[in-house]
Amino acid sequence: LPIYAFPSKWFGLGGSLLKSVFRYATKLIAMSKPMAERLVELGAEESKIEILLPGIQNLAFTKQPVKKIERLLMVSALKEKKNHLLVLEAMKLLLSRGIGIRLSIVGHGPLLESLKVIASDFGLDKQVNFEGSYRDINELAQYLKNSDLLLHPSKRAPNGDGEGVPRSEEHTSELQSQFRISYAVFCLKKK
């Protein structure tokens with residue numbers, strides 16, 4: 001259950017439970033600065049919060065600057081908050097305009113089968129590859145090296161889950177300097 005939704009659970013008792021956790025915890029771990037700020041808003045003591053950024057350390061490879069974008073990459077859990085549907089809709093639009101770029105989706109999760117059906121319904125069978133999970137850091141490096149654009153179009157899901165956007169904001173400058181890869185972070189809202 002996302003912490004954003006927790007205080008209102010169980011007729012407000014979730015908030016009381018959080019206050020007890022905050023009072024007795026010696027350390028609270030946040031995965032981003034915005035998540036740490038949200039913990040403070042919910043009543044946590046700032047001095048107890050430590051920000052530990054998730055990610056990959058020591059992923060060594062170089063990549064030449066991209067001149068033409070042909071190969072897109074998404075590396076994430078296949079969950080609603082990761083917004084794969086938005087990317088598939090964009091791919092469908094691009095294909096209808098004669099732009100046939102390719103997309104590799106690396107990851108697994110509960111939406112795998114429905115995303116495959118949507119991709120097929122959109123006529124994207126030849127443009128979209130569902131790669132499954134990467135086996136090790138070297139395989140991830142290969143996916144990154146072989147792509148032109150890394151996509152991360154996170155959104156807040158209806159259940160409140162959505163830490164992907166803050167995490168990507170924390171990592172984009174590090175990503176550019178570590179990987180020297182062209183990337184884009186999409187934080188889009190549908191109208």
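This section describes the fold, packing and confidence of a predicted model.

The chain holds six helices and six strands. From the N terminus on, these elements run α-β-α-β-β-α-β-α-β-α-β-α. Of the 191 residues, 38% are buried. Contacts that span long stretches of sequence are frequent by count: among those between residues at least 6 apart, 68% join residues at least 24 apart.

Confidence varies along the chain. The average pLDDT is 77, and 71% of the residues score at least 70. Among the elements, α4 has the highest mean pLDDT, at 98. Helix α6 (residues 164-179) has the lowest, at 41. The low scores are not confined to that helix, as pLDDT stays under 50 over residues 164-191. For this stretch the model has 58 contacts beyond four places in sequence.

Four strands build an open sheet in the order β5-β4-β3-β6, with parallel pairing. The edges are taken by β5 and β6 (149-150). Each edge strand has a single partner, so one side of each is left without a neighbour in the sheet. At one end of the sheet, strand β4 (residues 102-106) runs parallel to strand β5 (residues 128-132), and four bridges join the two. One of the paired positions is I105, whose bridge partner in β5 is F130. Helix α4 (residues 112-121) completes a right-handed β-α-β unit with β4 and β5. On the β6 side, β3 and β6 pair in the parallel sense over two bridges. Here L73 stands opposite L150 of β6.

Nonpolar packing was examined next. In soluble globular proteins, nonpolar side chains tend to be buried together. The largest nonpolar core in this model has 15 residues. Within this core, L72, L88, M91, L103, V128 and L151 touch the most other members. At least two residues of the core come from each of β3, α3, β4 and α4. The largest share, three residues, is supplied by α3. A second, separate core has 11 residues, among them L28, A30, M35 and A36.

The surroundings of L88 illustrate the packing of the largest core. Leaving out residues up to four places away in sequence, L88 touches L103, L115, I118, A119, F122, L124 and V128. Two of these partners, L103 and V128, are also listed with L88 among the core residues that touch the most other members.

Two loop residues were then considered. N83 lies in the loop between β3 (71-75) and α3 (84-96). The relative accessibility of N83 is 7%, so this residue counts as buried, the cut-off being under 20%. The side chain of N83 reaches the backbone oxygen of P153 at 3.0 Å. Beyond neighbours within four places in sequence, N83 is in contact with P153, S154 and K155. These contacts therefore link the loop residue N83 to partners that are remote in numbering, within the 4.5 Å limit for heavy atoms.

H152 sits in the loop between β6 and α6. With a relative accessible area of 18%, H152 is also buried, because the value falls under the 20% limit. H152 and V87 are 65 residues apart in sequence, yet their C-alpha atoms are 9.3 Å apart in space.

Technical notes. Residues numbered from 1 in each chain as written. Predicted model: local features only at pLDDT ≥ 70, side-chain atom pairs only at ≥ 80, totals over all residues. Heavy atoms only, no water. Pairing = 2+ DSSP bridges. Right-handed = clockwise from strand over helix to strand, strands pointing away. Buried < 20%, exposed > 50% of the residue type's maximum accessible area, 1.4 Å probe, protein only. Polar contact = N/O pair within 3.5 Å; in protein donor to acceptor, adjacent residues only side chain to side chain. pLDDT = per-residue confidence, 0-100. Core = buried A, V, L, I, M, F, W, Y, C linked by side-chain atoms within 4.5 Å.
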